[in-house]
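These are my notebook entries on a look-up of a two-chain model. I record each item in the order in which I consulted it.

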Amino acid sequence: MTATTPGSLTGAEDRNRIGGETVGRLEQRRRRAALLFLLPTVVALLLVAGWPLLRTVYLGFTDARLGSTEEAAFIGFANFGYLLTDPGWWQATWVTLKFASASVVLETLLGMVIALVLNAHLPGRGLMRAAVLVPWAIPTVISAQMWGWMYHDLYGVVNTLLVGIGILDAPVAWMADPDTALWAMVAVDVWKTTPFMALLILAALQTLPTEIYEAARVDGVHPVRVFFRVTLPLIRPALMVAIIFRALDALRMFDLAYVLAGGNPATATLSVYARQNLVDFQDVGYGSAASTLLVLLILLITIILLTVGRVRLAADTR
Amino acid sequence: MRVKRQIGQALFYVLVAVLLLYTLFPFYWAIVSSLRSGQALFSTDLIPTDPVWENYAAVFREQPFARNILNSVIVAVSVVALSLLLSLTAAYSLGRVRFRGRGFLLMVVLAVSMFPQVAVLSGLFELVRILGLYNSLTSLILSYLIFTLPFTVWVLATFMRELPKELEEAALVDGASPWVILTRVFLPLMWPAMVTTGLLAFIAAWNEFLFALTFTLSNEMRTVPVAIALITGASQYELPWGRVMAASVIVTVPLIVLVLIFQRRIVAGLTAGAVKG
């Protein structure tokens, strides 16, 4: 993989070899300039990320309402208490977890297949790589609409094809039943984001030394065995990082559920649930508390994935 | 032996064909549907017969779609320009200078880019209202910085780090200030990286939905994704699917063309930026 882990940016720093006192002074000047150079970005991030995040967490402890001019009152953990007794929140949590795990597992497997195909030396490889970039380039909202039309119960092409092939006896109302709706959402997400996964895996595959494969071929080792014994262990770190980033992305999914399922509570993810309370029901306090819980959930899952995957994301960051 | 290899090869090509069909069919179907009108829309023939352009005209006639496209262009271009401008100096600091807390800053930037957008929604909403930016494009430009800026900082810092240090040393010895080094020595070398990063940030800003849905109210202020998401509700007596598909094709074709032109750079940018955040 051409990419390194985040921390290595700090690792490979140049040592000045010009010598003497000048270096010290120049270094000092550079360092002062560096801090000045950082200032605009730091201020911008504090304004658009830091401050809003702190406010959201704080608002979660209040009874703030949207559009109300009255000062919100601090109500402690009441919102969080309500959340944990709200079947709607639990429902959204399960939808989010099911959606994220199913979609990440499927796109890792499929991404691996596509990456291996793209890695093989054959004509038409460039065409194939261009083709997989197409779903990636289409905005999520638009893919949701495209698939929404294909899933249409009466006129959808998915039903026509499946009935035509004989897999289905009768057309299915895909988005009406919560179970099929969740799987329909997973299918769209897999379609849209597998290319991304495939490209990351491909980048990892292309860093592997070819000698190993030649040696394996000379020794007559079966390709499947080579894949599990050599390829997979070698690309594991890159694969884990890709999986973690995709998982974080899937856990915060909003647009697909909102557009494809119309915010239907049966398929609402935590992001949809939080926004619904915040904007549609005007309950800023409750919605903010839900957002805060989502952040905690994502943090927890990241820590688990980092530990299980033995990924050292910032190991050499000092 | 040879037969077995030929079968293997045939199976391989079947796999490739299936994958191509899977990735391209939905877009093909959107185009076919967008060219059908009236009763023909409900036909599921895979090949279009007598295409009509009615849906494409209707998109612009029945809603301010041209305005929506313009909004998206203004927002995406502004946020990309702002992000590149801010991140250029930050990338120099984070990519080339050693100072205390640099690792921490890098991790914070990475964390911000991975944050769920909904986590800042109420705080940002408040900020947008205090600044008097509700239902304006400025509110979107401001809020999109939250995901474009960390991304551009990361990728530019990576590119900047890989520039040869001899360049900088020579300039330093000649008495050039860091600002001169950045703008005269590094900037000319950074253009390819800036084009790639800018394009990826542009696509991200173009696709954004949650903030655009929440911070804009009127039809005239909507960006393309919000406009397309809300077409469906226009009338409950007709299915506007033909129009939705036409709008989708209009917006997607330029993106696909861009992506195909820059595909090598995009793959490089994605793998450099994505794995690292």
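What percentage of the 318 residues of chain A count as buried? I find 53%, with buried meaning under 20% relative accessible area (1.4 Å probe, protein chains only).

I note that this is a predicted model, in which local features need pLDDT of at least 70, side-chain atom pairs count only at pLDDT 80 or more, and totals for chains, interfaces and linings use all residues. Residues are numbered from 1 along each chain as written, chains are lettered from A in written order, and side-chain values use heavy atoms without hydrogens or water.

Entry on chain A. I looked up its secondary structure and found 13 helices and 0 strands; helices are DSSP runs of H or I of at least four residues, strands E runs of at least two, numbered from the N terminus. Chain A exposes about 14900 Å² (Shrake-Rupley method, 1.4 Å probe), and carbon and sulfur atoms supply 66% of that area.

Entry on chain B. The unreviewed UniProt entry places a "transmembrane region" at residues 104–125 and 244–262, among others; such annotations may be inferred rather than shown by experiment. I find residues 104–125 to be 73% helix, with end C-alpha atoms 28 Å apart. Residues 244–262 are 95% helix, with end C-alpha atoms 27 Å apart.

Entry on helix packing. Helix α6 (residues 140–150) of chain A packs against helix α11 (residues 241–261) of chain B at about 145°, with axes 10 Å apart; axes are lines fitted to C-alpha atoms over the stretch in contact, and angles run from 0 to 180 degrees between N-to-C directions. The residues of this contact (heavy atoms within 4.5 Å) include Trp149(A) and Met245(B).

Notes
Buried means under 20% relative accessible area, exposed over 50%, partly exposed in between (1.4 Å probe, protein chains only).
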